[in-house]
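Work through the exercises below with the sequence and the structure at hand. Try each task before you read its solution.

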Amino acid sequence: MMTDISQKLKSDIKVEDLKQENGILCCMNDYFISGDNQRYMKMYDWMSFFYDFGEKWIGRLKYGHAIDHLRTELMSRLEWKNNISVLYVSIGTGADLHYLPQGIDLKTIDLVGVDISMGMLKKCKKKMQKKTNLTLVQCPAEDLPFADNTFDIVFHIGGINFFNDKTRAMSEMLRVAKAGSKLLIADETADFVETQYKKSVFSKSYFEDKTVDLNAIEQCIPISVTEKKTELFWDNKFYGITFRKSN
């Protein structure tokens, strides 16, 4: 299945009018490229050069197979099927896509990945382009360039803790999901930010004044959703919130 991105975009956005870099569509709204969004975009741009190496080897030495188990658990919370359309918000290097449930053929998925960091998107393309039918778009989560009710699955892992406008990002993900579909939002807990991000020489300067209020994040999800459920994973280092868009 090949992704026809032109059919997924809002009616006033044309593929031919968008800037492209290395085959990645750029749809950046400058209004949202400020504050924390800009701060972490820059952080992930330079971290992209060694991000996968650090996670694979340093993460494996420190945490064993805990990250693999976490990703398997998170992916199992979504309603995967072959031949569906999927939007991955903050796709990073795409590592979570290696952990889909058994029986799911990634090449049948009509997959779109978005991220604010061009550096991470370039790494994702290099790593995943031969394994998926993947279209990558650089854009902020608060301003997704896609039409309403477009994707069978929408999910986000890592980043929303420090988005400029969490409520708007949640609403945008719901807007582009099809009615009745299940969504997943996941990120690190305050415990992990304190014990990892604030201690690491690579990240501590970006997080020294930051914390995570999980209750406040839950409150950003519109009350119109159903089946809302919050779970803690990996010894309370990660949270996942699933919910369903109303019909």
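**Exercise 1.** Decide whether Ala177 is buried or exposed, and find what it is in contact with beyond its neighbours within four places in sequence.

*Solution.* Begin with the place of Ala177, which is in the loop between α5 and β7. Next, take its relative accessible area, which is 0%; because buried means under 20%, exposed over 50% and partly exposed in between, with a 1.4 Å probe and protein chains only, Ala177 counts as buried. Finally, search for contacts, that is, heavy atoms within 4.5 Å: leaving aside neighbours within four places in sequence, Ala177 is in contact with Asn149, Thr150, Phe151, Val154, Leu183 and Lys245.

Before going on, note that this is a predicted model, in which local features need pLDDT of at least 70 and side-chain atom pairs count only at pLDDT 80 or more, while totals for chains, interfaces and linings use all residues. Residues are numbered from 1 along each chain as its sequence is written, and side-chain values use heavy atoms, with hydrogens and water left out.

**Exercise 2.** Find where Asp110 lies and which side chain its own side chain meets in a polar contact.

*Solution.* First, locate Asp110 in strand β4 (residues 110-115), where helices (H or I, at least four residues) and strands (E, at least two) are DSSP runs, numbered from the N terminus. Then read its relative accessible area, 8%, by which Asp110 is buried. Last, look for a polar contact, a pair of N or O atoms within 3.5 Å, of which, within protein, one must be able to donate a hydrogen and the other to accept it, residues adjacent in sequence counting only if both atoms are side-chain atoms; the partner is the side chain of Lys8, at 2.6 Å.

**Exercise 3.** Work out in what order the nine strands form the open sheet, and why one side of β1 and of β8 is left without a neighbour.

*Solution.* Strands pair if DSSP finds at least two bridges between them, and following the partners gives the order β1-β2-β5-β4-β3-β6-β7-β9-β8, with mixed pairing. β1 (19-21) and β8 (226-233) stand at the edges with a single partner strand each, so one side of each has no neighbour in the sheet. At the β1 edge, β1 pairs with β2 (residues 24-26) in the antiparallel sense over three bridges, and Lys19 stands opposite Cys26 in β2.
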